[in-house]
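Here is a friendly tour of one protein model, from its overall layout down to a few side-chain pairs. Keep the viewer open as you read.

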Amino acid sequence: MKGGKVWCGRHLPVILVVLVLLVDQVSKFLVKLNMRIGDEIDIFSWFKIHFLENEGMAFGFRFGGEGGKLLLSLVRLAAIVFLAWYLYKVDRKRLSDLRQGLLSRQERRARTGLVASLSLILAGAVGNMIDSAFYGLLFSESYFHVARLFPPEGYAPFLHGRVVDMLYFPLVQGHYPDWMPWVGGRELLFFRPVFNVADSAITVGFVVFFITQRDFRIPGSKKEKA
């Protein structure tokens, strides 16, 4: 059991990134190849599979125009490269300090939390980047009919694909009370955004970071050594 824990700890970034990407891409392929945009499947009253596509920002937000789409893809690609490099640096330092017995139990948990959070954020960013980079080439349009895989011509060029969203949680539905200013009588719906597994991984990654890194120090920095 101890050996298994050591193996998992040593390969934590790879395990998290591969697992998130696998679930994210499988779920997107299933939706893309079986649903049209706007189709909805009721799982529970508060959870639905609702197929939408967006230009690449998390939770369905948009960044206008073709130029904006290309810029967003390039910025995301640069962020992924930097995050992957930084994750490698942090995890290498963590494993080195573990082998030398330099970390207390609290420090081990903090370092592991940092690696886990960065891995989840990286996996989510890569998952959505795959959609933006390749889905326009791999699939036909999903409007009015189910998309085809490997069509003679895809729906968009490289880096101009749209991100597949499908997770929809309308937890609270109703109307605002009439006496409330500005919104009285209007529809109340929480949670409105439709998102995907990659978006969820990014959100969970940030939550894990803020929970485990209350006293954050960059590993190997002068502040940490002091």
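Let us begin with strand β1, where phenylalanine 44 has its place. Is phenylalanine 44 buried, exposed or partly exposed? Its relative accessibility is 45%, and because buried means under 20% and exposed over 50%, phenylalanine 44 counts as partly exposed. Please keep in mind that this is a predicted model.

Phenylalanine 44 belongs to a nonpolar surface patch of about 660 Å², together with Ile41, Ile43, Trp46, Leu171, Val172 and Phe190. Strand β1, which covers residues 40–44, gives the most to this patch, with 3 residues.

**The overall layout**

Stepping back, the protein has 6 helices and 6 strands. Read from the N terminus, the order of the elements is α-α-β-β-α-α-β-β-β-β-α-α. Of the 226 residues, 39% count as buried. Among contacts with a separation of 6 or more, 67% join residues 24 or more positions apart. The protein exposes about 13600 Å², and carbon and sulfur atoms supply 67% of that area.

**Helix α2**

Helix α2 runs through residues 12–34, and its 23 residues should span 33 Å at 1.5 Å a residue; the end C-alpha atoms are indeed 33 Å apart, which agrees. Its buried residues include Leu16, Val20, Asp24, Ser27, Lys28 and Val31.

Serine 27 is a good place to zoom in on this helix. With 18% relative accessibility, serine 27 counts as buried. A polar atom of its side chain lies 2.7 Å from the backbone oxygen of aspartate 24. Beyond its neighbours within four places in sequence, serine 27 is in contact with Met166 and Val197.

Aspartate 24 also has a charged partner: lysine 28 forms a salt bridge with it. How far apart in the helix are lysine 28 and aspartate 24? They are 4 residues apart in α2, so about one helical turn separates them. This fits a broader rule: an α-helix has 3.6 residues a turn, so residues three or four places apart point the same way. Lysine 28 is buried, with a relative accessible area of 0%, and aspartate 24 likewise counts as buried at 0%.

**Salt bridges**

The count of salt bridges comes to 10. Three of them are set out here.

| Pair | Closest N to O distance |
|---|---|
| Lysine 28 and aspartate 24 | 3.0 Å |
| Arginine 162 and glutamate 53 | 2.9 Å |
| Lysine 93 and aspartate 97 | 2.6 Å |

For the arginine 162 pair, arginine 162 lies in the loop between α4 and β3 while glutamate 53 sits in strand β2, so this salt bridge ties together parts that are 109 residues apart in sequence. Both arginine 162 and glutamate 53 are buried.

Lysine 93 and aspartate 97 both lie in helix α3 (residues 65–99), 4 residues apart, or about one turn. Lysine 93 is partly exposed at 27%, whereas aspartate 97 is buried at 5%. As for networks, salt bridges that share partners join Lys32, Glu53, Glu141 and Arg162.

**Helix α5**

Val197, met above as a contact of serine 27, is one of the buried residues of α5, along with Ala198, Asp199, Ala201 and Gly205. What covers these buried residues includes α2, α4, β3 and β6. The helix has 16 residues and reaches 22 Å from its first C-alpha to its last, close to the 22 Å expected. What caps its N-terminal end? Asparagine 196 does, with a side-chain oxygen 3.0 Å from the backbone nitrogen of alanine 198.

Notes:
Residues numbered from 1 in each chain as written. Predicted model: local features only at pLDDT ≥ 70, side-chain atom pairs only at ≥ 80, totals over all residues. Heavy atoms only, no water. Helix = DSSP H or I, 4+ residues; strand = E, 2+ residues; numbered from the N terminus. Expected span 1.5 Å × (residues − 1). Buried < 20%, exposed > 50% of the residue type's maximum accessible area, 1.4 Å probe, protein only. Patch = residues over 30% accessible without salt bridge, like charges linked within 9 Å, V, L, I, M, F, W, Y side chains within 5 Å. Areas by Shrake-Rupley, 256 points an atom, 1.4 Å probe, with all protein chains shown as cover. Salt bridge = Lys/Arg side-chain N within 4 Å of Asp/Glu carboxyl O. Polar contact = N/O pair within 3.5 Å; in protein donor to acceptor, adjacent residues only side chain to side chain. Contact = heavy atoms within 4.5 Å.
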